[in-house]
Amino acid sequence: MALDSPDSLMALSIEYCLRNLEGTLCYLLDNETLRLHPDIFLPSEICDKLVNAYMELVHADHNFELHQSFFLLFSDPRSTRLTRVQLREDTVLDQDLEAIGSQDLIELHLTNCEKLTSKSLQTLGSFRHTLVSLSLFGCSNLFYEEENPGGYENDDRLVNPSRQVLVKDFTFQGFSRLRLLNLGRLAEGVDLETLLRPLSSLTSLDLSGIKLCKATFLTQWKDRLSSLVLYNMDLSEEHIQTIAELIQLRHLDISRDRLLSYYKFKLTRKVLSIIVQSLVNLVSLDISGHVMLENCAVPQIEEAMGRPSMEPSKSSICPLQALKRPLQFLGLFDTTLCNQTHIPAYKVTGAKNEDQILNAIEAYTEYRPEIASRAINHLFDIARIQHCSQLLRALQLVIAALRCHKYDKSIQVTGSAALFYLTNTEYRAEQSVKLRRRVIQVVLNGMESYQEVTVQRNCCLTLCNFTIPDELEFQYRRVNELLLSILNQSRQDDSIQRIAVHLCNALVCQVDNDHKEAVGKMGFVTTMLKLIQKKLVDKMCDQVMEYSWSALWNITDETPDNCDMFLNYSGMKLFLECLKEFPDKQELHRNMLGLLGNVAEVRCLRPQLLTPQFITVFSNLLDSKADGIEVSYNACGVLSHIMFDGPQAWTMEEPLREQVMDRMWAAIQSWDVTSKRNINYRSFEPILRLLPQELAPVSQHWATWALYNLISVYPEKYCPLLKKEGGIVLLQKVLELGKSRQETKEMARMVVDQCSNFREDHMDTTR
């Protein structure tokens, strides 16, 4: 069983402060702008964590409030110190970066910050003396500015809206300490050679997704550059010659997405040999996605025998036999080479086995979701068809991918599908409470962020793998809101609708009344009634119809407000229409009568049931044999509560009260008291209130029969409940009442005796 590893005190404190900024570190200036308390001074170890955790909460927690003035808290380096900051996606604006412009940043990682414009280039300049590591990956608008920010007037109207033009005068002049630079997916047209020329100390460069016609300028760092990433670059012989001159390279990535069609370059055995033989310091190489023009693999008949080996001399990939030592990392994803037996590397990406697949997810998630999604799809196949042996690692990687790319369709589809299989019963024992909660959170994020049929279906199915409502209670309101949102969509996929209704029903089945009332106010009752109405129009009694009535039965249990809502939104009209349209649907009838039993328990609502039409329907259902005794039992329960109000409440002429009571007596006497039940009582209070009274002996008898049946068939569950709620005392009062029928008294005595025997049988006599 996996153990829960508690968060560090630092992490807990950071999160608490971020969720309670006004109550801890800050105050509000003019009721809108956050300001740090003047007596607070925070070192970089805390400030870095505050900013990075803030970004994580913004993207991962839907309840977390985005503060427009948050970054202003770090505007003064005399009270706050920032050194290593990671910002991502379109929540980051120019003014946010400007707010921290006075800080001496050492590391600044900006990922997919598409709302940053050329205004932020000036802010970057303020960090030039201290920056060692800078990532601008996916900041596609950073090198654009408005050609005419104000426009110009013509006939008193503003015309010619701002047009984006490329900034060509920015360079990294003055960034003397910069060692690591990521310019992945840089805007097309930027003169890279001019931009990078001032960087004399560069040791790591990422030019992913950039069209680079000439690469010879890279040789200015041939004695320093240790890492070069050219992912999705259409290489040429000139590029390879240049790369071969970069003799200090330890990491080289020339991988590509094999699904893109514009590549002309072919990675041959000769080219791979040049790379391996020239770059003698290489410890990491990625050639994923390349289709080899020549056969780089040793013929199977010549392959070294024995167990798989990492020794370069035994390598099944011929050019890698020239290595002096095994590589630390070798990227072979989407190549046939990953299937070879002897691969001289400690960590390999590919699709041959689970280890290669997990390595691929780990390596490509952050910057290459298009590759990571295909790797996750391979993991899905393993979890579905075979067995995942590295479950915890697999779950953590899939969760990380889903959190990082919550708006990426391919990641959300494959990730949510993989989670369904990785959280099923087979793997449950290996998962901690904390890990399962992380799964639930990321599933709900997907449901919330990506309104796509496949994602919604996968997420709903995954939630079915959890114990409901227990494991979902910590997100109870949120999950109900999302499910109701799905069910209220105008166009609905049948399978999603069925799963969502099932989940809604399970969520309200075993929770307290406060939860039920809260969910009712969210629109739960009206949503179920709309689904029922739609099914009536379609003349279809399917699982959605039955689950909807079952959900209404559960949510109205001991919740008068929800019962009232059912009546106010034409619930009784739908009840009658369903009875008429589906006269033979036993499960449906049971659910509907169970619900009406809840309504009948609410005294102020009973007059609405006391009409000739409804009483006649309930009376006729006393004779029903549907679902054993359940429909007849529930109909009798409804009438028992109505009779409990006394003859003065019976204001109609037909049917006569006495006639209905006679039919109730006959129905009760026809039931087998040993019948197993399809019902679950959390409390006997609604039944017990019918005992000490003389207005309706038949109601008293129904209640006594119900108790005797339940404590006889399920003594372990219901004997303790009856004693706990004072039922024995009330039954003894029944024995004392003069108007109680003899058969009722006999049954009451049997209930008391049964509970007494239960107590004696379970008495602990050990010493």
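**Exercise 1. Work out whether cysteine 318 is buried or exposed, and whether its sulfur takes part in a disulfide.**

Step 1. Start with accessibility: cysteine 318 has a relative accessibility of 14%, so it counts as buried, the cut-off being under 20%. Bear in mind that this is a predicted model.

Step 2. Now look for a partner. The closest cysteine sulfur belongs to cysteine 296, and it sits 7.4 Å from the sulfur of cysteine 318. A disulfide here needs the two sulfur atoms within 2.5 Å, so this pair is too far apart for a bond.

Step 3. Try cysteine 578 in the same way. This residue is buried too, at 0% relative accessibility. Its closest cysteine sulfur is in cysteine 541, 7.2 Å away, which is again too far for a bond.

Step 4. Scan everything: a search of the whole structure turns up 0 disulfides.

**Exercise 2. Find the order of the strands in the open sheet, and say which strands are at its edges.**

Step 1. Trace the pairing, which is parallel. The 10 strands run in the order S3-S4-S5-S10-S11-S12-S13-S14-S15-S16.

Step 2. Pick out the strands that pair on one side only: these edge strands are S3 (84-88) and S16 (345-349). From one strand to the next, the twist averages 5°.

Step 3. Zoom in on one pair. S13 (residues 251-253) and S14 (residues 284-286) run parallel and are joined by 3 bridges. Across this pair, aspartate 253 stands opposite aspartate 286 of S14.

Step 4. Add the helix that packs on the sheet. H8 (residues 354-364) touches S14, S15 (327-331) and S16, and its direction makes about 75° with that of S16.

**Exercise 3. Locate threonine 80 and list what it is in contact with.**

Step 1. Place it in the chain: threonine 80 lies in the loop between helix H2 (44-60) and strand S3, and S3 is one of the edge strands of the sheet.

Step 2. Check accessibility. With a relative accessible area of 1%, threonine 80 is buried.

Step 3. List the neighbours. Setting aside residues within four places in sequence, threonine 80 is in contact with Leu36, Leu42, Cys47, Leu73, Phe74, Ser75 and Gln103.

**Exercise 4. Describe the surroundings of proline 655, starting from the annotated domain.**

Step 1. Get the context. An unreviewed UniProt entry places the feature "domain: Protein zer-1 homolog-like C-terminal" at residues 402-756. Over residues 402-756 the chain is 67% helix and 0% strand, with its end C-alpha atoms 57 Å apart.

Step 2. Find the residue: proline 655 is in the loop between helix H23 (630-644) and helix H24 (657-670). Its relative accessible area is 15%, so proline 655 is buried.

Step 3. Go through the contacts. Neighbours within four places in sequence aside, proline 655 is in contact with Pro612, Ile615, Thr616, Trp650 and Val660.

Step 4. Compare sequence and space for one pair: proline 655 and serine 699 are 44 residues apart in sequence, and their C-alpha atoms are 18 Å apart.

**Exercise 5. Why can the buried residues of helix H27 be assigned to the same side?**

Step 1. Collect them: in H27 (residues 715-724), Pro715, Tyr718, Cys719, Leu721 and Leu722 are buried.

Step 2. Look down the axis. These residues cover an arc of only 170° around it, so they lie on the same side of H27.

Step 3. Turn to the other side of H27, where Glu716 and Lys724 are exposed.

Step 4. Finish just past the helix: glycine 726 follows H27, and its phi is positive, near 75°.

Note on methods. Residues numbered from 1 in each chain as written. Predicted model: local features only at pLDDT ≥ 70, side-chain atom pairs only at ≥ 80, totals over all residues. Heavy atoms only, no water. UniProt positions renumbered as here; feature names shortened; annotations may be inferred. Helix = DSSP H or I, 4+ residues; strand = E, 2+ residues; numbered from the N terminus. Buried < 20%, exposed > 50% of the residue type's maximum accessible area, 1.4 Å probe, protein only. Contact = heavy atoms within 4.5 Å. Arc of directions from axis to C-beta. Pairing = 2+ DSSP bridges. Axes fitted to C-alpha atoms, helices over the stretch in contact; angles between N-to-C directions.
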